[in-house]
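Morning, everyone. Please have the sequence and the model open while I talk. I'll start with the sheet and finish with the pockets.

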Amino acid sequence: MSLDIRIRHIAEPDWSDIVALEAGAYADHALSEGRPALESRARPSPDTCFVLDCERRTVGYVLALPYPRFRYPDLTRIEEGRFASRNLHLHDLVIAAGFRGRGLAKQLLGRLTATAGAKRYEHISLIAVAGGASFWSARGYRAHQEVALPKSYGPEAVYMSKEVK
């Protein structure tokens, strides 16, 4: 049986679902940011932020914004302004717990990567948190241990990046 899956840009009514998904994914790790911060991560680049609907229910999202390479958003602050950068920082990708393991993250990441290529970004960076580095390594992202991260990202946080091809 195939699922009815749709990836689309974020609309204003989606924010309640995004906030709930984010809290469910990160509250146990003390990484939850809240709605104002999440919205501020999407505002600079709405064309690189998506929700994933499955069976007419929002079950995932990705927030990505231009950010200088080897730099990253401060989790304790709201983003103000926009960077002119050829690096796209994947700030957050979440799939609802009950929908993981179905290839939905791969589809969402594929859409983001295709969009990054079409918009001529050179790299996609991210910070793997809560032990997620192996997930990202399996998708071609390389760890940059030399990039120091603040404690707000958690003890297992690793800055990673991948060239856009």
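Look at strands 3 and 4 to begin with. They run antiparallel, and seven bridges join them. One pair to pick out is G60, which stands opposite I95 in strand 4. Before I go on, remember that this is a predicted model.

Now widen the view. There are seven strands in an open sheet, and the pairing is mixed. The order reads 1-2-3-4-5-7-6. At the edges sit strand 1, residues 5-9, and strand 6, residues 142-143. Each of those two pairs on one side only.

Step from strand 3 to its other partner, strand 2. Strands 2 and 3 are antiparallel as well, with five bridges between them. Here V51 stands opposite Y61 in strand 3. The hairpin that these strands make has two residues between the strands. In that hairpin, E55 takes a positive phi, near 55 degrees.

How many of the 10 residues of strand 3 are buried? Nine are, so strand 3 is largely enclosed by the rest of the structure.

Part of the cover comes into view with the helices. Helix 1 lies across strand 2, strand 3 and strand 4. It runs at about 85 degrees to strand 3. Helix 2 lies across strand 3 and strand 4, and its angle to strand 3 is about 60 degrees.

Stay with helix 2, residues 35-42. Six of its eight residues are buried, so this helix too is largely enclosed by the rest of the structure. The buried ones are A37, L38, E39, S40, R41 and A42. What do they pack against? Helix 1, strand 3 and strand 4.

Next, the parallel part. Strand 4 and strand 5 pair in the parallel sense over four bridges. N87 has H123, in strand 5, as its bridge partner.

Also in strand 5 is S125. Is S125 buried or exposed? Its relative accessible area is 0%. The cut-off for buried is under 20%, so S125 is buried. Leave aside its neighbours within four places in sequence, and S125 is in contact with N87, L88, H89 and L90. Its contacts also include Y159, M160 and S161.

On to the pockets. The largest pocket holds about 650 Å³ of space. It is lined by 32 residues. Nearest its centre lie Y26, L93, V94, V129 and W136. Which elements give two or more residues to that lining? Helix 1, strand 4, helix 3, strand 5 and helix 4. Strand 4 gives the largest share, seven residues. By character, the lining divides into 19 nonpolar, seven polar and six charged residues.

The second largest pocket has about 160 Å³ of space. Its lining is I10, A11, E12, W15, E39, A42, R43, P46 and C49. Of these, six are nonpolar, none polar and three charged. Two names should sound familiar: E39 and A42 line this pocket, and both are among the buried residues of helix 2.

To recap, keep strand 4 in mind. It is joined to strand 3 by seven antiparallel bridges. It pairs with strand 5 in the parallel sense. And it gives the largest share of the lining of the largest pocket. That's my tour; over to you for questions.

Methods: Residues are numbered from 1 along each chain as its sequence is written. This is a predicted model: local features need pLDDT of at least 70, side-chain atom pairs count only at pLDDT 80 or more; totals for chains, interfaces and linings use all residues. Side-chain values use heavy atoms; hydrogens and water are left out. On a 1 Å grid over the protein atoms alone, a cavity is a set of points where a 1.4 Å probe fits but cannot get out, and a pocket is an open set with protein on both sides within 12 Å along at least five of seven lines; lining residues have an atom within 4 Å of a point. Grid points are joined across faces, edges and corners, and a volume is the space filled by probe spheres set on the points. Ala, Val, Leu, Ile, Met, Phe, Trp, Tyr, Cys and Pro count as nonpolar, Asp, Glu, Lys and Arg as charged, and the others, Gly among them, as polar. Buried means under 20% relative accessible area, exposed over 50%, partly exposed in between (1.4 Å probe, protein chains only). Contact means heavy atoms within 4.5 Å. Two strands pair if DSSP finds at least two bridges between them. Axes are lines fitted to C-alpha atoms, for helices over the stretch in contact, and angles run from 0 to 180 degrees between N-to-C directions.
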